[in-house]
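Biologist: Please take a close look at the enclosed space inside this protein, and then walk me outward from there to whatever open pocket and helix packing you can describe.

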Amino acid sequence: MVSPPRPVPPTPEALARAAALLRAGRLVAFPTETVYGLGAHALDAAAVGRIYAAKGRPATNPVIVHVADAAAARTLAAAWPPAAEALAARFWPGPLTLVLPKAAAVPDAVTAGLPAVALRVPAHPVALALLRAAGLPVAAPSANRSTEVSPTTAAHVVASLGSAVDLVLDGGPTTVGIESTVLDLTGDRPRILRPGMVSAEAIAAVAGPLAVAPTTVDDATPRASPGMMERHYAPRAPLRVVEHGMLAGAVAAGPAPVGLVTYRPPPTLVGAPRIVMLPDEPEGYARRLYAALHELDAAGAAAIVVEAVPETAAWDAIRDRLRRAATP
């Protein structure tokens, strides 16, 4: 059995080795500000195929291509409308992904056979250093098995993927904590395909009114964006989202041991659940959410109960992740 790689700090030597592995068609996990990504040479279809094999990812689910700057993104898009220029200037580097008509060089393996490609400039010094050292675009979905909780530390990557990845760069915990907002610019009006911490309001202030996008796609249909699967971001333990007043009953219903994720002091509880308190504002909550789910899984929780978050626009992306993580 091949031992899983030991995460390494992003020294110049480690970055040079990671860049060489990417150029050779191998897989490198690296931190971004959102979650850790599982990277491969985006213009090498065989290398991209290794991402899908390592993750057990459906071929209908495209991957995001990470580049070092907007100039590199423009070379991968067959069209670059004024909205893309304005949004890139305002939000890149950062947690916004733009979906644009793809250039001929982008293989179908990246886009699930669709004619558009998802592009992003990450706002993490290690990710940017790796992209510059490799000198190529890097396809990188989250560095975990498909449908599982995304990794926000290097240890999460190793626990999920083991020896399926060739090198793991350890840049510490991620700072945003959930995946990027994905914005489709191929239609008459921009539309959000996956909510993230770049809000619809902030995007509309730059790009104008947004169109409404579907939240899910049939499993057999290629998706325009990652994050559109009905079941996603899920811990091993079954997860329920309940209102604050229902927490005690949900915890008592088990099965034990129960993990509880809340952002307010919980009521009196029976059964001594393991409690993870998260910040009561969306940026801090998002930063810690996946780590909390990983922690409860690692602690052996048989069930996870999550307090429902507020029904306001600032919490849209978090509600989306919890809805998809919840057990049907």
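Modeller: In this predicted model, the count comes to one cavity of 30 Å³ or more. That cavity has a volume of about 250 Å³, and 27 residues line it, with V35, P141, S142, E179 and R194 lying nearest its centre. Two elements give two or more residues to the lining of the largest cavity, namely β2 (36-41) and β3 (64-66). By class, the residues around the cavity divide into seven nonpolar, 13 polar and seven charged.

Turning from the enclosed space to an open one, the second largest pocket holds about 250 Å³ of space. Its lining is made by 13 residues, and those nearest the centre of the pocket are E148, A159, R236, H294 and D297. Here the elements that give two or more residues are helices, α7 (154-161) and α10 (282-298), and α10 supplies the largest share of the lining, four residues. Sorted by class, the lining of this pocket has six nonpolar, four polar and three charged residues.

Helix α10 also leads on to the packing of helices. Two packed helices are described by the angle between their axes and the distance between the axes. For α10 and helix α11 (residues 316-325), the axes come within 10 Å and cross at roughly 30°; since angles under 35 degrees count as roughly parallel, α10 and α11 are therefore roughly parallel to each other. The crossing of α10 with α11 is left-handed, and the contact joins P282, Y285, A286, L289 and Y290 of α10 to I318, R321 and L322 of α11. Of the residues in this contact, seven are nonpolar, none is polar and one is charged.

A further helix pair is formed by α4 (residues 82-91) and α8 (residues 200-207), whose axes come within 9 Å and cross at roughly 130°. With that angle, α4 and α8 are therefore oblique to each other, and their crossing is right-handed. On the α4 side the contact involves A86, L87, R90 and F91, which meet A202, I203, V206 and A207 in α8. The residues where α4 and α8 touch divide into seven nonpolar, no polar and one charged.

Note on methods: Residues are numbered from 1 along each chain as its sequence is written. This is a predicted model: local features need pLDDT of at least 70, side-chain atom pairs count only at pLDDT 80 or more; totals for chains, interfaces and linings use all residues. Side-chain values use heavy atoms; hydrogens and water are left out. On a 1 Å grid over the protein atoms alone, a cavity is a set of points where a 1.4 Å probe fits but cannot get out, and a pocket is an open set with protein on both sides within 12 Å along at least five of seven lines; lining residues have an atom within 4 Å of a point. Grid points are joined across faces, edges and corners, and a volume is the space filled by probe spheres set on the points. Ala, Val, Leu, Ile, Met, Phe, Trp, Tyr, Cys and Pro count as nonpolar, Asp, Glu, Lys and Arg as charged, and the others, Gly among them, as polar. Axes are lines fitted to C-alpha atoms, for helices over the stretch in contact, and angles run from 0 to 180 degrees between N-to-C directions. Angles under 35 degrees count as roughly parallel, over 145 as roughly antiparallel, 65 to 115 as roughly perpendicular and the rest as oblique. A crossing is left-handed if the near helix is turned anticlockwise from the far one by less than a right angle, and right-handed if clockwise. Contact means heavy atoms within 4.5 Å.
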